[in-house]
Amino acid sequence: MMNIADLLHIIHPLQTNGHFDGKPGKLVLDSRHVKKDDVFIALRGTRSDGHHFISEAIRRGAAVIIAEHIPDEHSKTPHHDTDAENGPLYIQVADTRHIAGELAQAFAGYPARRLKMTGITGTNGKTTVSTLVYQVLQTLGYNTGLLGTVETRIGDRVMESHLTTPDPVSLAGTLKKMVSKDTAFAVMEVSSHALEQQRVGGIRFDVGAFTNLSRDHLDYHRDMDAYVEAKQRLFLSLDSDAIAVINRDDPSAHKVIEECQARIWDFGFENNKDFRILDESPEGMVLDLDGTIVSTPLAGRYNAYNVAQAYLICLALGCTKGSVASALGEARGAAGRLERVKPEGYDDDDLTPAVLESAPSVFVDYAHTPDALENVLQALTAVRTEGVTLHVVFGCGGDRDTTKRPEMGQIADQYADVITLTSDNPRTEDPDAIIRDIRQGIVRGDRLYIQPDRRKAIRSAVLDADTSTVVLVAGKGHETYQEVHGRRRKFDDRKVAGKAIAEWIERRDSKKRRQKQRNGRNDNESKKEVR
Ligand SMILES: CC(=O)N[C@H]1[C@@H](OP(=O)(O)OP(=O)(O)OC[C@H]2O[C@@H](n3ccc(=O)[nH]c3=O)[C@H](O)[C@@H]2O)O[C@H](CO)[C@@H](O)[C@@H]1O[C@H](C)C(=O)N[C@@H](C)C(=O)N[C@H](CCC(=O)O)C(=O)O
Ligand SMILES: Nc1ncnc2c1ncn2[C@@H]1O[C@H](COP(=O)(O)OP(=O)(O)OP(=O)(O)O)[C@@H](O)[C@H]1O
Ligand SMILES: N[C@H](CCC[C@H](N)C(=O)O)C(=O)O
Ligand SMILES: [Mg+2]
């Protein structure tokens, strides 16, 4: 348990005001969650400023306030209604975000020091790589924790995540639970928002990884330079005995590792040097990773990067080449990434190749950036056979980077035979206006459909398909909700598409039955005539 002396030792305050001689409770970032004797830390945010809620925190019983400036009404000492023994104690620091991570770790008993920590950053591929690493480590018998966009895993517990990288206090709490479950490794995604907001402050990563960088989140980061700098922060935080696993084929790689003290393990597939794709098909790829052969069930060139990076991360964590290569052969990666949709009501056992081939192929993927959409469409284009029609159904999220919308339109126009524009999560924006923005990037006039209702858009695309159509439903992947006009409701692309495929099969079968009946009747008629 922390006491005030420990707290002051970590913080190095500019000044303090008031006293609190008791035992501080929890560290809290949101005034609405403060309880008696808690420590409230005021953070400046994007919508509001924690400094405006200091009075509320005190009303709720905060014993210690950590802030960048002490509001006037609190700055003169006597705290009339509270005795001097009983706080609040004001602690002024230069940058509250800077110390929030360190303090959160300290309050939780420094859990990150007791785990081998891996942090993965980059625009695309974080969830895929972290899930692959998690799956390999678990297969090899190591108790592993996972934190990322889709889920948080602690021991046997699996929880849906709210953010890709949680706030420093929640993060420290999760790592503490991992330690209590005898976890050896923690694998986490580190988003650019998290790096900018110092959510991973106070954590010393053993392995840092950079997947790639492309346009996204320019609504939040000032420009691409600021976005790269946010990613760079992870590598600046690494010690000299840490390992940085870097995709050197990405043009931003050199900038990301500028001034990085860690050992650099870089890799790439360009120029077929150390890493090569030996074979690819819709069922997966065979890779040569510097002499080690890895067969992966994941398809698509970009997944060669993800698998190679997961492989190197596991080696950096101390696993052997052969064991990682064999575990990767079984690792299926994250849900909602190039996931083949099963018809509703069918079990895995029912899904014979014959059943799959006699219905349209429908994939759900989380591509919500131009680069991801281009990659996944290229992957599907590369593995399709002659005469196959590629139909993409997608939209763009509202209250997010608007510059990516026409770019995604242009990419769909280039690669897909048929396009249906629909809504992603419009959030508080007008769904039609978002679609108009995407439409700006599309020049074609035909084979373009517009249906803002995502359920209807998916159903029509599937029902219109034939067995030589590949339908890609992009943007929402694993998400189990849709946010329209500020309201969240349950929605799952895989369920909606699965239901539509079952309907497609039912329609085909009932057409066959009718045809059979008609043929039967015709046979009877002709028999009668012959008689
Ligand atoms: C833009 C952004 O990142 N916002 C996140 C951020 O909020 P903020 O710091 O801007 O908070 P704010 O609302 O301005 O409030 C400022 C401070 O006042 C405090 N406050 C506020 C109100 C009150 O009554 N009392 C009070 O004390 C707040 O607790 C906060 O400390 O910190 C909050 C707490 O951790 C997050 O919930 C919130 O995520 C919002 C919901 C969000 O949508 N974030 C997305 C954009 C995000 O972070 N995404 C990335 C992934 C992106 C990707 O790579 O794809 C992620 O890591 O998930
Ligand atoms: N290495 C990669 N390079 C480019 N695109 C990729 C790569 N890996 C995955 N993608 C594409 O990006 C999408 C998102 O992948 P993933 O969820 O692994 O990334 P992420 O970085 O975790 O994304 P987010 O920041 O939204 O959580 C995938 O559905 C796929 O379309
Ligand atoms: N972490 C990303 C996810 C985007 C997913 C997409 N479905 C959307 O809603 O835009 C974000 O919050 O920007
Ligand atoms: Mg992710």
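Thr123 sits in the loop between strand E6 (116–121) and helix H5 (126–139). In this predicted model, Thr123 counts as buried because 21 other C-beta atoms lie within 10 Å of its own, and the cut-off for that label is 20 or more. Gly125 shares the setting, with its place in the loop between E6 and H5. Gly125 is buried too, since 27 other C-beta atoms fall within 10 Å. Leaving out residues up to four places away in sequence, Gly125 touches Thr211, Asn212, Tyr305 and Asn306. Both residues also turn up in the UniProt record: an unreviewed entry lists Gly122, Thr123, Asn124, Gly125, Lys126, Thr127 and Thr128 under "binding site".

Part of that stretch comes up again around ligand 2. The ligand has 25 residues around it, and those that come nearest are Gly125, Lys126, Thr127, Thr128 and Ala372. Three elements give two or more residues to this shell, namely H5, helix H10 (301–316) and helix H13 (370–383). H13 supplies the largest share, with 4 residues. Sorted by class, the shell around ligand 2 holds 13 polar, 7 nonpolar and 5 charged residues. As for where ligand 2 sits, domain 2 (110–328) and domain 3 (339–509) both give residues to its shell, so the ligand lies between them.

It helps to step back to the whole chain here. The domain assignment splits the protein chain into domain 1 (4–104), domain 2 (110–328) and domain 3 (339–509). Taken over C-alpha atoms, the centres of domain 1 and domain 3 are 49 Å apart. The C-alpha trace spans about 115 × 50 × 45 Å along its principal axes. In secondary structure, the protein chain comes to 17 helices and 24 strands. Of its 531 residues, 47% are buried. Among contacts with a separation of 6 or more, 71% are between residues 24 or more positions apart.

Ligand 1 brings domain 1 into the picture. Its shell takes at least three residues from each of domain 1 (4–104) and domain 2 (110–328). There are 20 residues around ligand 1, and Gly45, Thr46, Leu163, Asp167 and Ser191 come nearest. By class, the shell around ligand 1 has 10 polar, 5 nonpolar and 5 charged residues.

Next in sequence after Asp167 comes helix H6 (residues 168–180). H6 has 13 residues and reaches 18 Å from its first C-alpha to its last, close to the 18 Å expected at 1.5 Å a residue. Much of the helix is listed as buried: Pro168, Val169, Leu171, Ala172, Thr174, Leu175, Lys176, Met178 and Val179. Lys176, a charged residue by class, is one of these buried positions. The buried residues of H6 pack against four strands and a helix: strand E2 (27–28), strand E7 (144–147), strand E8 (151–154), strand E10 (185–189) and helix H4 (96–107). After H6 comes Asp182, which has a positive phi, near 55°.

Ligand 3 has a shell of another make-up. The residues around it are Thr164, His368, Gly397, Arg400, Asp424, Asn425, Gly475, Lys476 and Glu479. These divide into 5 polar and 4 charged, with no nonpolar residue in the shell. Several of these positions can be set beside the UniProt record, where an unreviewed entry places "binding site" at Arg400, Asp424, Asn425, Pro426, Arg427, Gly475 and Glu479.

Two residues from that record can be followed further. Glu479 lies in the loop between strand E22 (469–474) and strand E23 (481–484). With 20 other C-beta atoms within 10 Å, Glu479 is buried, as the label needs 20 or more. Arg427 is found in the loop between strand E20 (418–421) and helix H15 (431–439). Arg427 is partly exposed, because 18 other C-beta atoms lie within 10 Å. Setting aside neighbours within four places in sequence, Arg427 is in contact with Gly397, Gly398, Asp399, Glu483 and Gly486. Of those contacts, Gly397 is also one of the residues around ligand 3.

Note on methods. Residues are numbered from 1 along each chain as its sequence is written. Chains are lettered from A and ligands numbered from 1 in the order in which they are written. This is a predicted model: local features need pLDDT of at least 70, side-chain atom pairs count only at pLDDT 80 or more; totals for chains, interfaces and linings use all residues. The expected span of a helix is 1.5 Å times one less than its number of residues. A residue is buried if 20 or more other C-beta atoms lie within 10 Å of its own, exposed if 12 or fewer, and partly exposed in between; C-beta atoms are placed from the backbone. Two residues are in contact if their C-beta atoms, placed from the backbone, lie within 7 Å. A residue is near a molecule or strand if its C-beta atom, placed from the backbone, lies within 6 Å of it. UniProt positions are given in the numbering used here, feature names are shortened, and annotations may be inferred rather than shown by experiment. Domain bounds come from an automatic or database domain assignment.
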